[in-house]
Amino acid sequence: MATELTAAQLRAYDGTDPSKPIYLSVRGKVYDVTSGRSFYGPGGSYAVFAGREASRALGKMSKDEADISGDLSGLTEKELGVLADWETKFQAKYPVVGRLVDA
């Protein structure tokens, strides 16, 4: 993982620029989810997570703007388990291209 991105830099990879890949961060790891453009690209069911650190929202199974962050404080054991399941899915499906440095 050579690339380090700030949250502000990560926002540039939200799928709105078709010439750039789509990135999403889970627990500070940045995944290239471009192959899932139908989900993470504009208009996709998970587009709200594109270009963002989405750990809290994934754990809570939420698309609420207030939950889209890397803050895991207050999550229940069940929610942390859901997040771990998501993380496993991302690791199996998408390449890690960097890490978030201000997560």
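A salt bridge is a side-chain nitrogen of Lys or Arg within 4 Å of a carboxyl oxygen of Asp or Glu. The model is predicted: local features need pLDDT of at least 70, side-chain atom pairs count only at pLDDT 80 or more, and totals for chains, interfaces and linings use all residues. Residues are numbered from 1 along each chain as its sequence is written, and side-chain values use heavy atoms, without hydrogens or water.

**Exercise 1.** Work out the surroundings of Asp14.

Solution.
- Place the residue. Asp14 sits in the loop between helix H1 (7–10) and strand S2. Helices (H or I, at least four residues) and strands (E, at least two) are DSSP runs, numbered from the N terminus.
- Check burial and charge. Asp14 is buried (under 20% relative accessible area, 1.4 Å probe, protein chains only). Asp14 has no salt bridge; Arg11, the nearest side chain of opposite charge, is 5.1 Å away.
- Look for a polar partner. The Asp14 side chain makes a polar contact with that of Thr16, at 2.7 Å. Such a contact is a pair of N or O atoms within 3.5 Å, one able to donate a hydrogen and the other to accept it.
- List contacts (heavy atoms within 4.5 Å). Beyond four places in sequence, Asp14 touches Ile22, Tyr40, Ala50 and Gly51.

**Exercise 2.** Describe strand S2 and its hairpin.

Solution.
- Sort the faces. In a regular strand the side chains alternate between the two faces of the sheet. In S2 (residues 23–26), Tyr23 and Ser25 lie on one side, Leu24 and Val26 on the other; all are buried.
- Find the partner. S2 pairs antiparallel with S3 (residues 29–32) over four bridges; pairing takes at least two DSSP bridges. Ser25 bridges to Val30.
- Inspect the turn. Two residues separate the strands, and Arg27 takes a positive phi near 50°.

How values were computed. Buried means under 20% relative accessible area, exposed over 50%, partly exposed in between (1.4 Å probe, protein chains only). Lys and Arg count as positive and Asp and Glu as negative; His and the chain ends are not counted.
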